[in-house]
Amino acid sequence: MKAHLASRAWKDIRVGDLIRLESDDFIPADMILISSSEPEGLSYIETSNLDGETNLKIKQASHQTAHLTSAAAFARLAGHLRSEQPNNSLYTYEGTLELSGQKIPMSPDQMLLRGAQMRNTPWCYGLVVFTGHETKLMRNATAAPIKRTAVERQVNIQIVFLFIVLLALSLSSTIGSSIRQWFFAKNQWYLLSAELTGNRVKGFVEDILTFVILYNNLIPISYVCSHELVATALTPHLA
């Protein structure tokens with residue numbers, strides 16, 4: 001059987017693919033090291049993209065697969081891999097590779113993580129375990145936190161408090177207005193308002209919106225805008 005190697009983009013790699021990497025290649029997916037060009041299946045990788053460490057780490061293929069150094073022998077590899085679920089732990093892995101009825105335990109020593117780089121190893125063969133967002137690199141990726149100053153946090157809390165006060169004032173004013181309009185409108189003829197005969201729920205909602213507009217000056221939106229403008233203007237002068 002003649003093995004055929006083909007170049008493939010990272011996005012086209014699937015779980016279970018058998019891939020070959022060469023020196024200085026970045027590892028495109030989490031994969032199990034099957035064999036390499038080095039004696040006893042050794043492989044050297046740099047994980048600075050994962051943990052910031054620039055010293056090379058040694059990975060070693062299982063002695064039961066390290067002899068598969070030819071492309072033809074690697075292409076004939078057939079079996080099953082029982083793997084743990086995707087997780088964000090960079091230093092642990094548990095799995096079992098079944099080849100010809102033989103169970104071969106897999107450990108972190110055989111795991112090549114996406115984002116690491118091959119070093120000082122002419123080539124190696126591997127079996128893809130996790131791809132895309134299931135890789136440990138992506139599992140550890142988090143969105144950058146939004147940075148706010150103590151003043152901004154305090155202003156946000158105060159604005160929320162003032163908004164609650166605004167709603168409370170609007171609700172209490174609407175209740176008072178509704179009581180006057182529903183029960184005392186006839187006695188207050190000088191206000192030129194008749195008793196509400198339409199939909200009271202609709203009128204109640206309209207009154208709430210009216211009082212919210214009347215009391216909107218409680219929330220100092222202009223202060224927030226002024227604060228942002230001043231902060232922007234002073235940014236070039238910060239050391």
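The questions below deal with aromatic pairs and burial in this predicted model. Local features need pLDDT of at least 70, side-chain atom pairs count only at pLDDT 80 or more, and totals for chains, interfaces and linings use all residues. Residues are numbered from 1 along each chain as its sequence is written, and side-chain values use heavy atoms, with hydrogens and water left out.

Q: What makes Phe74 and Tyr125 a stacked aromatic pair?
A: Rings of Phe, Tyr and Trp (its six-membered ring) pair if their centres lie within 6.5 Å, and planes under 30 degrees apart count as stacked, over 60 as edge-to-face and the rest as tilted. Phe74 and Tyr125 are 4.3 Å apart centre to centre, with 20 degrees between the planes, so the pair meets both limits for stacking.

Q: Where in the chain do Phe74 and Tyr125 lie?
A: Phe74 is in helix α2 (residues 71-75) and Tyr125 in strand β10 (residues 123-130), 51 residues apart, so that the pair links distant parts of the chain; helices (H or I, at least four residues) and strands (E, at least two) are DSSP runs, numbered from the N terminus.

Q: Why is the pair of Phe211 and Tyr215 called stacked?
A: Their centres lie 6.0 Å apart and their planes 25 degrees apart, and therefore this pair too satisfies the definition of stacking.

Q: Why is Phe211 called buried?
A: Buried means under 20% relative accessible area, exposed over 50%, and partly exposed in between (1.4 Å probe, protein chains only). Phe211 has 17%, and is therefore buried.

Q: Why does Tyr215 count as partly exposed?
A: Its relative accessibility is 28%, so Tyr215 falls in the range between buried and exposed.
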